[in-house]
Amino acid sequence: MKKAALFDMDGTLVDNTAAHIRAFEIFCDRYGVTDWKERLSRGYGMGNDDIMRLIMPEAIIRVKGTAALAEEKEAIYRELYAPEIRPVEGLRELLAALHDRGVRCAVGSSGCRKNVDFVLEKCDIGAWFEARISGDAVTRCKPDPEIYLKAAAAAGADPADCVVFEDAKAGIESARRAGVGRIVALATTLPREVLERETDADRVIDTFADLLTDLDALLA
């Protein structure tokens, strides 16, 4: 059977949570929204429409719409993050090792396509990926399984033959509901102890470098 590796983006390809939070600070200040931080923490891994409904007042959503609000915030994020963006430690080496083993790779992200393209191009890793499934290419974002089902199909693999790399509870739930074979959680957005205690990830790592010595066992 064909093997595939499916990667979340935010917090997985890049450790960008701090950049997103800085962008939300600027964005929410524009609209006078001050009580957004705790609600945002419940939205990690979700799509932009769901996040906007979590943090923005209904009156603002009625006027602007979630799509326009999300694009405004993401434009701030891309401008802020561009000068400092870099891949998570060990990612390039992992992608090369997967390629050498004939494992196809795809992105499965709740983020918008502009952000997916931004990350892959700025980090110069786009050539490693067979497909890019973003939140605006599905009808339901994580924790629904649709993103990972589509990513597996785009990579030409059965979900059971896929390993998913995630950082958020919503993404791990999405992968599990999609029926993937293995889930590896990266301790970037959430602490290791939270991932171990509150998710059913098969393995928790600090960086992708942790996988390079026993990658074949992970893919077996």
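**Entry 1: helix H6**

I looked first at the side of H6 away from its buried residues, where I found His99 and Asp100 exposed. The model I am reading is a predicted one. I then listed the buried residues of H6, which spans residues 91-100: Leu91, Leu94, Leu95, Ala97 and Leu98. Viewed down the helix axis, these buried residues fall within an arc of 165 degrees, so I recorded them as lining one face of H6.

I next asked what the buried residues of H6 pack against. I noted strand E1 (4-7), strand E2 (104-108), strand E4 (162-166) and helix H11 (215-219) as their partners. Just after H6, I registered a positive phi of about 75 degrees at Gly102.

**Entry 2: helix H3 and its cover**

I turned to H3, residues 48-55. Here I found Asn48, Ile51, Met52 and Ile55 buried. They cover an arc of only 100 degrees around the axis, which puts them on the same side of H3. For the elements covering these buried residues, I noted that they include helix H1 (17-30), helix H2 (37-41), helix H4 (58-64) and H5.

**Entry 3: the packing of H3 on H5**

I examined H5, residues 66-81, as a partner of H3 and read a packing angle of about 95 degrees, with the two axes 9 Å apart. The two helices are therefore roughly perpendicular to each other, as H3 and H5 fall in the range of 65 to 115 degrees. On the H3 side I listed Asn48, Asp49, Met52 and Arg53 as making the contact, and on the H5 side Thr66, Ala67, Leu69, Ala70, Lys73 and Glu74. Sorted by class, I recorded four nonpolar, two polar and four charged residues in the contact of H3 with H5.

**Entry 4: aromatic rings**

I checked the aromatic side chains and obtained a count of eight aromatic pairs. For Tyr77 and Tyr81, I read ring centres 5.6 Å apart and planes at 25 degrees, so I entered the pair as stacked. Both residues belong to H5; because they are four residues apart in that helix, about one helical turn separates Tyr77 from Tyr81.

Are these two tyrosines buried or exposed? I found Tyr77 buried, at a relative accessible area of 0%. Tyr81 also counts as buried, at 4% relative accessibility.

I also noted one aromatic cluster formed by Phe7, Phe129, Phe165 and Phe208.

**Entry 5: backbone in two loops**

I looked for the cis peptide bond and found it running from Lys142 to Pro143, with omega near 15 degrees. I placed Pro143 in the loop between strand E3 (131-133) and helix H8 (146-154).

Which residue has a positive phi although it is not a glycine? I recorded Asp124, with a phi of about 55 degrees. I located Asp124 in the loop between helix H7 (113-122) and E3. Asp124 is exposed, and I entered its relative accessible area as 61%.

**Entry 6: helix H9 and Ala178**

In H9, I listed Ala170, Gly171, Ile172, Ser174, Ala175 and Ala178 as buried. I found the buried residues of H9 packed against H8, E4, strand E5 (182-186) and helix H10 (192-198). Just after H9, I noted that Gly179 takes a positive phi of about 80 degrees.

I then took Ala178 by itself, having located this residue in H9, which covers residues 169-178. I entered Ala178 as buried, with a relative accessible area of 9%. Setting aside neighbours within four places in sequence, I found Ala178 in contact with Pro145, Tyr148, Leu149 and Pro159. I also looked up the separation of Ala178 from Pro143, the residue that follows Lys142 across the cis peptide bond. Ala178 and Pro143 are 35 residues apart in sequence, and I read a C-alpha to C-alpha distance of 9.8 Å between them.

**Entry 7: Lys150 in helix H8**

I finished with Lys150, which lies in H8. I recorded Lys150 as partly exposed, with a relative accessible area of 36%. Leaving out neighbours within four places in sequence, I found Lys150 in contact with Ile133, Ala137 and Val138. I also checked Lys150 against Phe165, a residue already entered as part of the aromatic cluster. Their C-alpha atoms are separated by 15 Å, and Lys150 and Phe165 are 15 residues apart along the chain.

Notes: Residues are numbered from 1 along each chain as its sequence is written. This is a predicted model: local features need pLDDT of at least 70, side-chain atom pairs count only at pLDDT 80 or more; totals for chains, interfaces and linings use all residues. Side-chain values use heavy atoms; hydrogens and water are left out. Axes are lines fitted to C-alpha atoms, for helices over the stretch in contact, and angles run from 0 to 180 degrees between N-to-C directions. Angles under 35 degrees count as roughly parallel, over 145 as roughly antiparallel, 65 to 115 as roughly perpendicular and the rest as oblique. Contact means heavy atoms within 4.5 Å. Ala, Val, Leu, Ile, Met, Phe, Trp, Tyr, Cys and Pro count as nonpolar, Asp, Glu, Lys and Arg as charged, and the others, Gly among them, as polar. Rings of Phe, Tyr and Trp (its six-membered ring) pair if their centres lie within 6.5 Å; planes under 30 degrees apart count as stacked, over 60 as edge-to-face and the rest as tilted. Buried means under 20% relative accessible area, exposed over 50%, partly exposed in between (1.4 Å probe, protein chains only). The arc is that of the directions from the helix axis to the C-beta atoms.
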